[in-house]
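Biologist: I am new to this one, so could you walk me through it?
Modeller: Gladly; let us look together.

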Amino acid sequence: MGRFSAFSLAWNALSHHRNWTRYWQNKPLAKRYDVLIIGAGGHGLACAHYLAQNHGISNVAVLEKGWLGGGNIARNTVTIRSNYLRDESIPFFVKSVSLFEGLAKELNFNLMYSKRSMIDVVQTYPKMREIRRRMMNGYLHGSSYAPIDVAELRRRVPALTGGGPDSRLPIIGAMVHKEAAVCRHDGVAWGYARSASARGVEIHQHTEVKSLLRDRDGTIKGVETNRGTVLADKVAVVVSGHTTTITETAGLNLPVKSFNLAAFVSEPVKPLIDVIVNCPDLGVYLNQSDKGELVIGGAPDAGQSFRRDMKQSVFEDAVVTMLELFPAFRRLKLLRQWGGVLDIAHDATPIISATDIPGLFVSCGWWGGFKAVPAGGYTLAHLIATGQPHEVAAPFTLDRFRHLDFIVESGTTTAR
Amino acid sequence: MLSLPCPFCGQRDETEFLNAGPAKPARPNADVTDSKWVEWLTVPVNTIGYVEEKWWHAKGCGKWFTIKRHTVTHEIKMPDEDGR
């Protein structure tokens, strides 16, 4: 694997860019590995990278049903933030945000990371109270969250012309989360894959895990795939919304439900919004990509779903509420839309845990898991390598359900 | 958009309803083990296939009812349609 640098760019330009090496290697599927990771998405590839880099475990295979980075890492709205509510959650997401900051350098891969603040537009007093509570808890754990008044909000987001005093929900204030950032989402998957592959991790695309295999004593033995049986002492299920689909083949039920969450993108326009705007009272959030497209997300579908599409009613709801605040956007044309399957526990806190089946690990319940990719992979690798949860992820085990000791975390956006 | 069969009003648009989550199996007796009780409390059926779920006709007649809905095709059946 060649290193990317200004020099390598110039050198390869001389040969018309025909001699770049592949990002990752394609090796034949072996019969046995030390660790199997199911799912080559953000979390799975990050876990593979940190297993090899931090723990020296490189006899690892990442199995992917589709193509690398084709799941939810390709279907999010690229927001990185740490403005969570609970003492247990904030340190984890603060770690994730700080890992993201140095990630492009660590992976030697341009992630187009752009720190640009998130502004929450507040339109109701209950939300204002909740968000002030978030501010104070963030202060305790090193996540900044500062109030600004409406005039300052309108100065920073000139496109925000709706929500005046005569509107249905007048804007009463706003909150700025300075650490928030965006970055190239599939760059994260490719960067982790390239780095993991360089350290000896194998990535097998189009390798669908049909079922988990258990030994006579109940421990995990390996997996059955469409390319035959693969054995391993440790298996990690990192497949977002389809976690229960995999674990139910081993008779393991998990406390998560899967939902379809959709987003859509407008045509590219000139630079218009340089922050991430989140409107928790309306349930819509948007940012502008480097190409100039507005990336807009709304609420999930009502009820469990394994579809990856967008319901017309959900789409209209998101558009109508967005136009209340950004009336000028009514002239934007939309380019594309997509859905993704996410899972969530009823306390809305993620799960990074060993399970009742010895050797089987799960990382699920992420809902919007993009912001958590580095810390999720980092702590899952720690758990797999040492058998002990990492300190910032220790509250996220399945034990909290056993003791009914929930970490009730409501999202700032879609969990209205 | 789903078209949901309200037992009182007939077929109505999904936007009139609130989803109230999966319908739970019958509450276990008091002598149930801790682990079974926790499982009943916390683990929903989350399958690719039919799930049983409750809906509330909140912006209509106020009726609560249970349907079976396929989590991929969104096909809707009444819970007793397949012999239950």
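**Strands and confidence**

Modeller: Let us begin in chain B of this predicted model, where strand S1 (residues 3-6) and S2(B) pair in the antiparallel sense over four bridges.

Biologist: Nice. How many residues does the hairpin that joins S1(B) to S2(B) go through?
Modeller: These two strands pair in the antiparallel sense. A hairpin joins S1(B) to S2(B), and the number of residues it goes through is three.

Biologist: Which residue in S2(B) is the bridge partner of Ser3(B)?
Modeller: S1 of chain B covers residues 3-6, and S2 covers residues 10-13 of chain B. In S2(B), Ser3(B) has as its bridge partner Asp13(B).

Biologist: Where in chain B is confidence highest?
Modeller: Chain B has an average pLDDT of 91, with 95% of its residues scoring at least 70. Helix H1 (residues 34-42) of chain B is where confidence is lowest, at a mean of 91. The highest value in chain B, 96, belongs to strand S2.

Biologist: Over to chain A: which strands stand at the edges of the sheet, each with a single partner strand?
Modeller: The open sheet has three strands in the order S3-S8-S4 (chain A), with antiparallel pairing. Each edge strand has a single partner strand, so one side of each is left without a neighbour in the sheet. The edge strands of chain A are S3 (79-80) and S4 (114-115).

Biologist: And which residue in S8(A) is the bridge partner of Lys115(A)?
Modeller: S4(A) and strand S8 (residues 181-182) of chain A run antiparallel, joined by two bridges. In S8(A), Lys115(A) has as its bridge partner Ala181(A).

Key:
Residues are numbered from 1 along each chain as its sequence is written. Chains are lettered from A and ligands numbered from 1 in the order in which they are written. This is a predicted model: local features need pLDDT of at least 70, side-chain atom pairs count only at pLDDT 80 or more; totals for chains, interfaces and linings use all residues. pLDDT is the predictor's confidence in each residue, from 0 to 100. Two strands pair if DSSP finds at least two bridges between them.
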